[in-house]
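Q: Could you take me through one part of this model in some detail? I would like to see how a single region is put together and how it connects with what lies around it.

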Amino acid sequence: MTAGPATHILTLPGPMLRRGFWLYVWRVETPRGEFLYVGRTGDNSSPHATAPYTRMGQHLGSVATQNALRKYLEKLGVPLELCTFHLVSHGPLYSEVLKSDGATREALMAAHKPLRDIVGAMEKALAEDLSAAGYAVLNPVHCKWPLDPALYAPVRSAFAECFAGLRREEPA
């Protein structure tokens, strides 16, 4: 399919440029139906926590270590150009650990990991809750970090504003 030139508009809220620990859900409308991808910012391998806007481009880009959403859609045989993408992000739940003068990578990671673990556990819970609510979640989230239900409850409620299926049943 070859299409001629067209004009498209992307509206980006400025706060989505803020670095930190965020949770996000891609809602992708495809010719094969709607699919979700659940993610977070806050690296496993470095003390960085980027903005959802940055992850948006990476997920649809061509760098193999960063484009998980693209890979899942390609595995389904869905051309990205036939999709409509919606990025729902919530955060920052925590600010990025800032590098101070003289801070070692080890010290930065020691401050980063506890926040990463909290958000990672919420990422897994959100993916499981969306899947249990009947949404087609593309990605399994593997995480063994313990979930803090009190911290997760307001996050789940925030996503329930955009995903009505989460309103049907609150976890015990």
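**A close look at helices α3 and α4**

A: Happy to. α3 and α4 are oblique to each other. One caution before the details: this is a predicted model.

Let us begin with the geometry of the pair. Helix α3 covers residues 105–132 and helix α4 covers residues 149–160. Their axes lie 10 Å apart and make an angle of about 45°. Since angles from 65 to 115 degrees count as roughly perpendicular and those under 35 degrees as roughly parallel, this pair is therefore called oblique. The crossing of α3 past α4 is right-handed.

Next, the side chains that connect the two helices. Arg 156 and Asp 129 form a salt bridge, with 2.9 Å between the closest N and O atoms. Arg 156 sits in helix α4 and Asp 129 in helix α3, so this salt bridge ties together parts that are 27 residues apart in sequence. Are these two residues buried or exposed? Arg 156 has a relative accessibility of 3%, so Arg 156 counts as buried. Asp 129 is buried as well, because its relative accessible area of 17% falls under the 20% cut-off. As general background, side chains of opposite charge can pair when their charged atoms come close.

Helix α3 also has a charged link to a strand. Glu 123 and Arg 40 meet in a salt bridge through their side chains, at 2.9 Å from N to O. This pair links distant parts of the chain, with Glu 123 in helix α3 and Arg 40 in strand β2 (residues 33–40), 83 residues apart. Glu 123 counts as buried because its relative accessibility is 11%. Arg 40 has a relative accessibility of 14%, so Arg 40 counts as buried too.

For a contrast, have a look at helix α2, which covers residues 68–75. The side chains of Glu 74 and Arg 70 meet there in a salt bridge, with an N to O distance of 3.1 Å. Glu 74 and Arg 70 are four residues apart in α2, so about one helical turn separates them. Here the accessibility falls in another class: Glu 74 is partly exposed at a relative accessible area of 43%, and Arg 70 is partly exposed at 23%. The salt bridges described here are among the seven counted in the model.

Back to α3, and to the residues around its start. Thr 104 lies in the loop between β3 and α3. With a relative accessible area of 43%, Thr 104 is partly exposed. How far apart in space are Thr 104 and Ala 158? From C-alpha to C-alpha they are 36 Å apart, with their positions 54 residues apart in sequence. Ser 45, in the loop between β2 and α1 (52–60), gives another distance to consider. Ser 45 and Met 109 are 64 residues apart along the chain, and their C-alpha atoms are separated by 8.6 Å. Ser 45 is exposed, because its relative accessible area is 56% and the cut-off for exposed is over 50%.

The loop that holds Ser 45 deserves a second glance. Thr 50 is found in the loop between β2 and α1 too, but Thr 50 counts as buried, at 12% relative accessibility. Thr 50 and Gly 20 are 30 residues apart in sequence, and 5.6 Å separates their C-alpha atoms.

Strand β3, on the other side of the loop with Thr 104, has a detail worth checking in your viewer. Most peptide bonds are trans. The bond from Gly 91 to Pro 92, however, is cis, with omega near -5°. Pro 92 is placed in strand β3, residues 84–94. Leu 80, in the loop between α2 and β3, counts as buried at 12% relative accessibility. The C-alpha atoms of Leu 80 and Val 97 are 34 Å apart, although 17 residues separate the two along the chain.

To return to the helix pair: α3 and α4 are oblique, with a salt bridge between Arg 156 and Asp 129, while Glu 123 in α3 is linked to Arg 40 in β2.

Methods: Residues are numbered from 1 along each chain as its sequence is written. This is a predicted model: local features need pLDDT of at least 70, side-chain atom pairs count only at pLDDT 80 or more; totals for chains, interfaces and linings use all residues. Side-chain values use heavy atoms; hydrogens and water are left out. Axes are lines fitted to C-alpha atoms, for helices over the stretch in contact, and angles run from 0 to 180 degrees between N-to-C directions. Angles under 35 degrees count as roughly parallel, over 145 as roughly antiparallel, 65 to 115 as roughly perpendicular and the rest as oblique. A crossing is left-handed if the near helix is turned anticlockwise from the far one by less than a right angle, and right-handed if clockwise. A salt bridge is a side-chain nitrogen of Lys or Arg within 4 Å of a carboxyl oxygen of Asp or Glu. Buried means under 20% relative accessible area, exposed over 50%, partly exposed in between (1.4 Å probe, protein chains only).
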